[in-house]
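Q: I am new to this structure. Please pick a single part, look at it closely, and then show me how the rest relates to it.

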Amino acid sequence: MSGRTSRLLGGLLLGVLLTLGATPAATAEPDTTATTTVTAAGIPPVGTDWDRPGPYEVDVDIEVVHTFYHPRTMGASGERHPVVIWGNGTGAVPGIYSSLLRHWASHGFIVAAANTPTSNFALSMRAGIDVLERRNADPGSEYFGRVDLARIGSAGHSQGGAAAVNAAVDARVDTAVPIQPGPLTDPDLTGVPVFYLAGERDLTVWPALVKALYRDSDHLPAVYGEVRGAGHLSSIGDGGAFRAPTTAWLRFWLMDDENARGFFFGPGCGYCADDGLWSGWDRNERARLIPGPGGV
C-alpha cells in the first residue's frame with residue numbers, strides 16, 4: 001500500500017470516527033434580543049447569535065459518495081430546507097469538519113458533503129444536488145417534498161474552497177462561501193454573491209491569494225473577511241471563528257433571514273467595524289449597493 005493511499009485511508013477512518021463520535025448539536029433557545037423576522041420556507045428565526053446551535057437536532061447519513069447532515073425532523077412544520085453542498089480540503093473527508101456541518105444543519109440546512117479528498121472540480125459536490133433532487137421527488141424518501149431546491153449554496157475549505165467557487169458555475173447554486181480557498185478557480189465563471197474568507201496567519205493559502213480572488217470578483221457582489229489570528233487549520237472541526245459569519249451569510253442568502261442583513265450590508269454593517277474578529281474586511285462596489293436594514 002502506498003504512503004499516499006495510507007494517508008487517505010487514515011483520513012477517511014478518522015473522519016468517520018469523528019462523524020460518529022461527535023456530540024449532536026444541542027437545541028438552543030432563539031436569541032430574542034434581535035428582531036425575529038420570518039425566514040424563507042418557514043425556518044425558525046434564531047436572533048443574531050450565529051455561534052449558537054440552531055433549533056434543530058441533527059442526523060448524519062454516511063453514504064458512499066456523500067455524507068448528509070440534516071435536521072432530524074425535516075419538514076415537521078411544513079418548512080422546506082435550503083441546501084449547502086460542501087467540499088473538503090486536500091486529503092480530508094467530511095468528518096474532519098463534522099461539527100461545523102452539524103452546526104449548519106442545526107440551523108435548518110441540508111448539507112450534502114462530498115466524501116472525496118480531491119474536490120477541486122466540484123463534480124461530487126454538484127452531484128449532491130442531483131441526489132437531493134431525486135429524493136425530494138421520491139414519496140418513499142424522508143426528504144420527499146422537504147428540500148428547498150430553489151435555495152442552494154456551495155461552501156468548502158482550502159481545495160474545497162476553490163471548489164465552492166467552481167461549483168457556483170452550476171445555475172442551481174445561489175451563493176458561495178470559499179473558506180481559505182486554493183488558487184485553482186476562476187471567479188469569472190460565476191455571477192453569484194461570494195463571501196471570501198481568509199486567515200491572518202494562514203501560511204498555506206496566504207490572505208493575499210484569497211484577496212486576489214476577491215478583487216477578481218468585481219462583476220458580482222463580493223465580501224472579503226480575514227479572520228484575526230487564524231491559521232489554515234483554524235476552520236476545521238467546529239469552524240472556529242469562521243462558524244458565526246458563515247452561518248449568518250448562508251441564513252441571509254438562502255433563508256432571507258433579515259437579522260443577518262445588517263451584519264454585511266448597509267453603511268454601518270455589524271461586521272464592518274468588528275476589529276476583534278477581522279484583521280481585514282472589505283466589500284466591493286456591488287456588495288455596497290445591497291441595502292442594509294430598512295432599505296438604507
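A: Start with the words for cover. A residue is buried when its relative accessible area is under 20%, exposed when it is over 50%, and partly exposed in between. Keep those cut-offs in mind for what follows. The model is predicted.

A quick overview comes before the close look. The chain has 296 residues, and 55% of them count as buried. Its secondary structure comes to eight helices and nine strands. Take the contacts in the chain with a separation of 6 or more: 68% of them are between residues 24 or more positions apart. The accessible surface is about 11900 Å². Carbon and sulfur atoms account for 56% of that surface.

The part to look at is helix α6, with its partner α2. Helix α6 covers residues 243–255, and helix α2 covers residues 98–106. Their axes come within 11 Å of each other. They cross at roughly 35°. The crossing of α2 past α6 is right-handed.

Which residues of α2 and α6 meet? On the α2 side they are L100, H103 and W104. On the α6 side they are R243, T246, T247 and L250.

How covered is α2? Mostly: eight of its nine residues are buried. The buried set is S98, L100, L101, R102, H103, W104, A105 and S106. L100, H103 and W104 are thus on two lists: they are buried, and they also meet α6. After α2 comes G108. The phi of G108 is positive, near 110°.

Now zoom in on L250. This leucine sits in helix α6. Is L250 buried or exposed? L250 counts as buried, because its relative accessibility is 0%, and the limit for buried is under 20%. What does L250 touch, leaving out residues up to four places away in sequence? The list is V84, W104, F109, T175, V177 and M255. W104 belongs to α2 and is one of the residues that meet α6. R151 makes another useful marker. R151 and L250 are 99 residues apart along the chain, yet their C-alpha atoms are separated by 9.9 Å.

R243 is another α6 residue to follow. R243 is among the residues that meet α2. The side chain of R243 also forms a salt bridge with that of D51, at 2.9 Å from N to O. This pair links distant parts of the chain: R243 is in helix α6, D51 is in the loop between α1 (3–21) and β1 (58–62), and their positions lie 192 residues apart in the count. The two partners differ in cover. R243 is buried because its relative accessible area is 14%, which is under the 20% limit. D51 has 36% relative accessibility, so D51 counts as partly exposed. Side chains of opposite charge can pair when their charged atoms come close.

That bridge belongs to a wider set. A search of the whole structure finds 13 salt bridges. Another of them joins R72 and D59, whose closest N and O atoms are 2.8 Å apart. R72 is in the loop between β2 (66–71) and β3, D59 is in strand β1, and the two are 13 residues apart. R72 counts as partly exposed, at 38% relative accessibility. D59 is partly exposed too, with a relative accessible area of 24%.

A further bridge pairs R172 with D130, again with 2.8 Å between the closest N and O atoms. R172 lies in the loop between α4 and β6, and D130 lies in helix α3, so this pair ties together parts 42 residues apart in sequence. R172 is partly exposed at 24%. D130 is partly exposed at 29%. Both belong to a network of salt bridges that also includes R126, E133 and D170.

The loop of R172 leads back to α4. Helix α4 covers residues 159–167, and nine of its nine residues are buried. Among them are Q159, N166 and several alanines, including A162 and A163. The buried residues of α4 pack against β3 (81–87), α3 (123–136), β5 (147–157), β6 (175–179) and β7 (194–199).

End at the surface for contrast. L203, W206 and L209 form a nonpolar patch there, with about 380 Å² of accessible area together. L209 lies in helix α5, residues 207–215. L209 counts as partly exposed because its relative accessibility is 44%. L250 in α6, by contrast, is at 0%.

Methods
Residues numbered from 1 in each chain as written. Predicted model: local features only at pLDDT ≥ 70, side-chain atom pairs only at ≥ 80, totals over all residues. Heavy atoms only, no water. Patch = residues over 30% accessible without salt bridge, like charges linked within 9 Å, V, L, I, M, F, W, Y side chains within 5 Å. Areas by Shrake-Rupley, 256 points an atom, 1.4 Å probe, with all protein chains shown as cover. Salt bridge = Lys/Arg side-chain N within 4 Å of Asp/Glu carboxyl O. Helix = DSSP H or I, 4+ residues; strand = E, 2+ residues; numbered from the N terminus. Buried < 20%, exposed > 50% of the residue type's maximum accessible area, 1.4 Å probe, protein only. Contact = heavy atoms within 4.5 Å. Axes fitted to C-alpha atoms, helices over the stretch in contact; angles between N-to-C directions. Left-handed = near helix turned anticlockwise from the far one by under 90°.
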